Amino acid sequence: MAENELKQILTQLDTLKANNLSEAPKLLSRAKLALLNLNALVPTEQTQPQHLALAASLLEYGALISIRLQDTDAFTRYFQQLQPFYSLPSDRLGSRRQSNQGKVTGLYLLLLLSVGDYAGFHTVLEGLEASSGKEQIEKDEFIQYPVRLEQALMEGSYDKVWGETKGERVPSEEFGVFSEVLVNTIRSEIASCSERAYPSLPISNAKNLLFLDSEGAVIQFAQSRGWVAKEGRIYFPEQEQEMLAAQKDVMSSSNVVIENTLGYARKLETIV
């Protein structure tokens with residue numbers, strides 16, 4: 001009974017349209033109860049292979065749907081629940097099962113990049129190479145996508161990162177979600193560096209520097225950062241304030257020097 005219900009739910013999840021994704025969490029909850037009844041939510045030696053395959057497929061659906069719903073916490077939980085299944089011998093899960101292991105793992109690697117967890121990224125990657133072999137990993141487009149992005153980030157080649165997140169280079173729809181998050185993170189880093197390095201920038205230069213599509217997008221981004229856009233330039237208030245403060249310090253120091261110099265001059269006149 002539970003097995004039939006589980007198969008029906010998997011079929012429903014497979015045919016679920018993008019505008020009906022809000023129904024997915026309820027279906028996934030029902031499916032997990034069915035897995036508990038089959039003793040398959042966590043793999044054991046007693047769990048039947050066909051039930052293990054159903055469980056792995058369901059958890060992968062949950063992970064991918066969580067990405068589309070932009071629920072990274074749920075995605076992380078599904079990824080962690082899948083690890084005991086991925087560590088099983090392939091014959092235990094059934095050779096006919098269409099596995100999404102590469103896609104789910106690649107998405108998790110991309111999530112780690114988007115939050116700047118490079119240590120976690122390399123830990124997962126090293127585990128994959130140990131379990132599947134480096135040669136196999138190099139053939140997996142879903143794994144190689146975050147690997148290329150990480151290499152570009154380490155080189156500081158943000159233009160390469162930007163190029164990888166566009167169009168046909170993104171391996172699937174789900175990767176586009178984290179790719180956009182990663183670009184926003186990089187954009188924020190560039191913005192922070194820019195406002196510390198310059199008092200202002202031409203809007204046209206800021207557009208290219210921040211990988212924005214239009215000058216209107218630059219102005220909108222500037223407003224979100226508290227910058228001022230006027231006369232074709234972006235002004236960074238913090239930098240301007242620091243420069244004014246520095247100028248005041250210089251003027252104050254100059255006045256002290258001038259007063260001291262005049263004082264010395266008066267003493268010299270007295271001596272003479």
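# Helices, rings and charged pairs

Colleague: What is the relative accessible area of Glu3?

Modeller: Glu3 counts as partly exposed. The label follows from cut-offs: buried means under 20% relative accessible area, exposed over 50%, and partly exposed in between, with a 1.4 Å probe and protein chains only. The relative accessible area of Glu3 is 22%.

Colleague: What kind of model is this?

Modeller: Residues are numbered from 1 along each chain as its sequence is written, and side-chain values use heavy atoms, with hydrogens and water left out. Local features need pLDDT of at least 70, side-chain atom pairs count only at pLDDT 80 or more, and totals for chains, interfaces and linings use all residues, as this is a predicted model.

Colleague: Which residue meets the side chain of Glu3 in a salt bridge?

Modeller: A salt bridge is a side-chain nitrogen of Lys or Arg within 4 Å of a carboxyl oxygen of Asp or Glu. Glu3 and its partner both lie in helix α1 (residues 2-15), four residues apart, about one turn of the helix. Helices here are DSSP runs of H or I with at least four residues, numbered from the N terminus. At 3.3 Å, N to O, the partner of Glu3 is Lys7.

Colleague: How many salt bridges does the structure hold, and which residue forms one with Arg148?

Modeller: The structure holds eight salt bridges. In one of them, the closest N and O atoms are 3.1 Å apart, and the partner of Arg148 is Glu164.

Colleague: How many residues apart in sequence are Arg148 and Glu164?

Modeller: Arg148 is partly exposed at 34% relative accessible area, whereas Glu164 is buried at 11%. Arg148 lies in helix α9 and Glu164 in helix α10 (residues 158-164), so the pair links distant parts of the chain. The separation of Arg148 and Glu164 is 16 residues.

Colleague: Which residue meets Glu195 in a salt bridge?

Modeller: The N to O distance in this bridge is 2.9 Å, and the partner of Glu195 is Arg225. The pair links distant parts of the chain, with Glu195 in helix α11 and its partner in helix α13 (residues 215-225), 30 residues apart. Glu195 counts as buried at 16% relative accessibility. The partly exposed partner, with a relative accessible area of 26%, is Arg225.

Colleague: Which residues are linked with Arg68 in a network of salt bridges?

Modeller: Salt bridges can also join up beyond a single pair, as they do around Arg68. The residues linked with Arg68 are Lys103 and Glu174.

Colleague: What is the distance between the end C-alpha atoms of helix α3?

Modeller: The expected span of a helix is 1.5 Å times one less than its number of residues. For the 20 residues of α3 (residues 49-68) that gives 28 Å, and the model agrees. The helix is mostly covered, as 16 of its 20 residues are buried. The end C-alpha atoms of α3 are apart by 29 Å.

Colleague: Which residue just after α3 takes a positive phi?

Modeller: The place to look is the chain just after α3, where a phi of about 60° occurs. The residue is Gln70.

Colleague: How many aromatic pairs are there, and what is the angle between the planes of Phe75 and Tyr108?

Modeller: A search of the whole structure finds eight aromatic pairs. Rings of Phe, Tyr and Trp (its six-membered ring) pair if their centres lie within 6.5 Å; planes under 30 degrees apart count as stacked, over 60 as edge-to-face and the rest as tilted. Phe75 and Tyr108 form a tilted pair, 6.5 Å centre to centre, with an angle of 40°.

Colleague: Why does the pair of Phe75 and Tyr108 tie together separate parts, and how many residues apart are they?

Modeller: Phe75 is buried at 0% relative accessible area, and Tyr108 is buried at 14%. Phe75 lies in helix α4 (residues 72-86) and Tyr108 in helix α6 (residues 101-114), so the parts they tie together are apart in sequence by 33 residues.

Colleague: Which residue forms a stacked pair with Phe142?

Modeller: The two rings are 5.7 Å apart centre to centre, with 15° between the planes, and the partner of Phe142 is Phe175. Phe142 lies in helix α9 (residues 141-155) and its partner in helix α11 (residues 173-197), 33 residues apart. Phe142 is buried at 18% relative accessibility. The partner, buried at 0%, is Phe175.

Colleague: Which residue lies over the face of Trp162?

Modeller: A charge sits over a ring if NZ of Lys or CZ of Arg is within 6 Å of the ring centre and within 35 degrees of the ring normal. At 4.3 Å from the ring centre of Trp162 is Lys166.

Key
Helices (H or I, at least four residues) and strands (E, at least two) are DSSP runs, numbered from the N terminus.
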